[in-house]
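Trainee: I should like to examine one residue of this chain closely and then see how its surroundings fit into the whole. Would you please guide me through it step by step?

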Amino acid sequence: IRQSLVVSELLQSQVGLPSGGNLLKIQFSVTAYQDVDMEWKVTWFDADGLVVPGVGEGYNTATVMRSQTRFFTASAPNERAASFQLHLREDR
């Protein structure tokens, strides 16, 4: 986003469910070089590379202040999600 922030960490894990399956969860952090109003979302994909529909597929908004690091988490909408794509953009 205009060279004003960087994703400094991107982690993924599998969370066990009572049903015996696993749910994909990600955590990422961004560090800002100036005050930034940003939006982010995650697109989830199944093992065949098809988009897994979910609830609340729109962008989330956040403000990151200069020299601040913010952490964000997202969980897949269901067990079919096997991979993801992270989207960041300036707040509109």
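Mentor: Let us begin with threonine 43, which is located in strand β3. Please keep in mind that the model is a predicted one. Is threonine 43 buried or exposed? Its relative accessibility is 15%. Buried means under 20% relative accessible area, and threonine 43 therefore counts as buried at 15%.

We may next ask which residues threonine 43 touches. When residues up to four places away in sequence are not counted, they are Val51, Ser83, Phe84, Gln85 and His87. With histidine 87 there is also a polar contact, in which the two side chains are joined at 2.8 Å.

Let us now turn to valine 42. Leaving aside neighbours within four places in sequence, valine 42 is in contact with Ile26, Ala74, Phe84, Gln85 and Leu86. Phe84 and Gln85 thus appear in the list for valine 42 and also in that for threonine 43.

Valine 42 leads us to the nonpolar core. The largest nonpolar core holds 20 residues, and those touching the most other members are Ile26, Val30, Met38, Trp40, Val42 and Trp44. Two or more residues of this core come from each of β2 (22–32), β3 (36–45), β4 (60–64) and β5 (69–75). Strand β2 supplies the largest share, namely six residues. In soluble globular proteins, nonpolar side chains tend to be buried together.

Strand β2 also belongs to a sheet. Three strands form this open sheet, in the order β1-β2-β5, with antiparallel pairing. Because β1 (5–16) and β5 stand at the edges with a single partner strand each, one side of each is left without a neighbour in the sheet. On average, neighbouring strands here are turned by 15° against each other, direction ignored. Between β1 and β2, which run antiparallel, there are 11 bridges. As one example of bridge partners, glutamate 9 is matched with serine 29 in β2.

Finally, consider the chain as a whole. The chain contains six strands and zero helices. Of its 92 residues, 30% are buried, and threonine 43 counts as buried too. Among contacts between residues at least 6 apart in sequence, 71% join residues at least 24 apart. The C-alpha atoms fill a box of roughly 45 × 20 × 20 Å along the principal axes. The accessible surface comes to about 5,900 Å², and carbon and sulfur atoms account for 45% of that surface.

How values were computed
Residues numbered from 1 in each chain as written. Predicted model: local features only at pLDDT ≥ 70, side-chain atom pairs only at ≥ 80, totals over all residues. Heavy atoms only, no water. Core = buried A, V, L, I, M, F, W, Y, C linked by side-chain atoms within 4.5 Å. Buried < 20%, exposed > 50% of the residue type's maximum accessible area, 1.4 Å probe, protein only. Helix = DSSP H or I, 4+ residues; strand = E, 2+ residues; numbered from the N terminus. Contact = heavy atoms within 4.5 Å. Pairing = 2+ DSSP bridges. Axes fitted to C-alpha atoms, helices over the stretch in contact; angles between N-to-C directions. Areas by Shrake-Rupley, 256 points an atom, 1.4 Å probe, with all protein chains shown as cover. Polar contact = N/O pair within 3.5 Å; in protein donor to acceptor, adjacent residues only side chain to side chain.
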